[in-house]
Amino acid sequence: MQPWQPLTRREGYLPIEDHGLIGDGRGCALVGRDAEISFMCVPRFDRDPVFCSLLDRRDGGGFMLSPDGVRESRQRYVDDTAVLITELRTDTGVLQVTDAFVLRPGARLEEDAPAAVGELIRQVRVVEGEVTLRVCLEPRGGARIRRRGEHWILDCVRQGISLRLWSSPPVTLPADGLTLHAGQELTLRLGWEESPSPYPSVETGLESTVRAWKRWAAFVVDDVPRSDLVRRSALTLKLLDHFENGAIIAAPTSSLPEYIGGTRNWDYRYSWIRDAAYTVFALRRIGLPSEAGGFLQWALEAARHNHQPRVLYDVDGEAPPPEVVDDGLEGYRRSAPVRWGNAAVEQTQHDVYGEILDCAFQWAATGGTFDATLWDWLAGLAGRAEHAWRSPDHGIWEVRTSGRPFTYSAAMCQVALDRAARLARRLKLPGDADHWAREAGQLTERILRHAWNEQTRSLTEHLGEGGALDASLLALPLRRVVPADHPRMVATCRAITEQLGAGRGLLYRYLPERSPDGMDHQPEGAFLLCSFWLVDNLTGQGKIEQAGELFERLCSHANHLGLLPEQIDPSDGTYLGNYPQAISHVGLISSAVTQARATRGVRPDLSTAAWFA
């Protein structure tokens, strides 16, 4: 377990990294090292949060268990589960809090089936001495509180839901204090569904939930470096997975800043098509084909419902709500604005063609089939990709400027053409496979020629003159656009390391002063995924020892629970951006598998090997 550490706050807020994630495949919550639930969205990931004191310590609302005289605390997960234990040491004793979203009896998480009960359990036990504890349950926007029999009902008008709270021994709302002695317990059950709990006691609910998580985690392979972090990454991705349809959200939070005091604050509680191929590739390689298949099927279904595929969707495969600014919240550490919804859904991003065709390719490579209508639609996307790369778009980083002909977008148009050609040939589907293959090859040559800057000796962010460095170029070998050991790719890796390096193995994705993004040159943290891409490139270049050292440095940035953020402040290692970030955990998994192959003397595979022979 993590050593005891004092609780520290800045501007009244716990560090982002001092939180753990719990959930049930529909909703989730962050639990701080102070035992406060400071962000919770139920009954679904993208609903108006019931608690969000992480975004406003005074008005955000939270579920607090506040012992008197807290000196230090520590946190851990029950091994191979999403059940979280927080211990707090006070002047007079030690308190242990076990938190979990309850899963249905007999839940099998490897199946695409509902598992949520709609109930949060908080089991509090004094393990040493005595502790005086205050229980405070304050939904954002307040609630109409009433007593019904043995439980409290909180009608949350803002969120449009009612919460029910059971406790033993009874507590009084809105706040109550009680003193517990060693061996004594307080159990709290907070529910938001109409149906009663299927469990007669908190203990049976917790035991069943632990069994379900452990059974699922047993599928994850362990013959990889840092298998502990790989397993935790898999569990984290599962917590971000909408069990019923396979959608995986980018992060469970909104508006955690990419720079303290800045305005790079976005809502990530949605599913990006871009992340699908990366996520599926990673999950398949660590023994989780059902999650991979579920996400693929969801991504293809969501995208095909629209003539023009969207960049991101909600978990139902629909467009997220319009982006709005919430003036009622001050933002984490006063980093306003707080946003709900994401305007990137309206952007033009040409890479979506390649993301979808690569998803379809992986779907077919694992036994998935296409009906004529779906294949016609996919072939049409390849046809659009053939021309789309010539016009500007907003790119992988979703810049809020007028757009540029981004190299990554052109590369993903190449992926669309390449995968369409391979699918048509392999499955004998209608379409001009030779033409698509020829166009894909020519587009690769154009990228190598027109994105190359002779002065900087590197590929640059966009086609034509004047482009700056962009770490998204490191993804080109992973998508089999340019080999990792191609001389121009090797040179680009070197330039990115030198010019975008932030220290401790971290990379900035680009420099805002050289790559305008519409955010007035505001700084941001180092983008963790880009460093994992660099690990894979070094491995692909045969620099195995260097890649391994970098991988270990990146793993050292995981917090006490093995969780990773979107970005890291290189000056002090603190976390930035929405958290935990799915794609950072995908990067760790992919790099671990690549490292495992390399150490066994197997040629590192930087993309799906299926049908590339």
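Buried area is the accessible area that two parts lose on being put together, summed over both. In this predicted model, the protein chain is divided into domain 1 (5–193) and domain 2 (230–600), and between them these domains bury about 4,100 Å². Carbon and sulfur atoms account for 58% of that area. The contact draws 51 residues from domain 1 and 46 residues from domain 2. On the side of domain 1, the most area is lost by Ile 16, Phe 45 and Leu 55, which together make up 18% of what that side buries. The C-alpha centres of the two domains are 34 Å apart. Nine salt bridges are found across the interface of domain 1 and domain 2.

Two annotated spans are listed by UniProt, both from an unreviewed entry. The feature "domain: Trehalase-like N-terminal" is placed at residues 14–140; this span is 0% helix and 55% strand, and its end C-alpha atoms lie 19 Å apart. The feature "domain: GH15-like" is listed for residues 226–591. Here the composition is 44% helix and 7% strand, with 10 Å between the end C-alpha atoms.

The count of salt bridges comes to 46. In one of them, Asp 80 pairs with Arg 231, with 3.7 Å between the closest N and O atoms. Asp 228 and Arg 226 form another, at 3.1 Å from N to O. Asp 228 is partly exposed, with a relative accessible area of 45%, and Arg 226 is partly exposed at 29%. By contrast, Asp 241 and Lys 238 are both buried; the closest N and O atoms of their salt bridge are 3.2 Å apart.

A salt bridge also joins the side chains of Glu 258 and Arg 509, at 3.4 Å from N to O. This pair connects distant parts of the chain, 251 residues apart: Glu 258 is in the loop between α2 (227–239) and β14 (271–272), and Arg 509 is in the loop between β21 (506–507) and β22 (526–527). Both Glu 258 and Arg 509 are buried. Elsewhere, Glu 355, Asp 358, Asp 418, Arg 419, Arg 422 and Arg 479 are joined into one network by salt bridges that share partners.

Helix α10 covers residues 528–540. Its 13 residues reach 19 Å from the first C-alpha to the last, close to the 18 Å expected at 1.5 Å a residue. The helix is mostly covered, with 13 of its 13 residues buried. Just after α10, Gly 542 takes a positive phi of about 85°.

Key:
Residues numbered from 1 in each chain as written. Predicted model: local features only at pLDDT ≥ 70, side-chain atom pairs only at ≥ 80, totals over all residues. Heavy atoms only, no water. Helix = DSSP H or I, 4+ residues; strand = E, 2+ residues; numbered from the N terminus. Expected span 1.5 Å × (residues − 1). Buried < 20%, exposed > 50% of the residue type's maximum accessible area, 1.4 Å probe, protein only. UniProt positions renumbered as here; feature names shortened; annotations may be inferred. Domains from an automatic or database assignment. Contact = heavy atoms within 4.5 Å. Buried area = accessible area lost by both parts, 1.4 Å probe. Salt bridge = Lys/Arg side-chain N within 4 Å of Asp/Glu carboxyl O.
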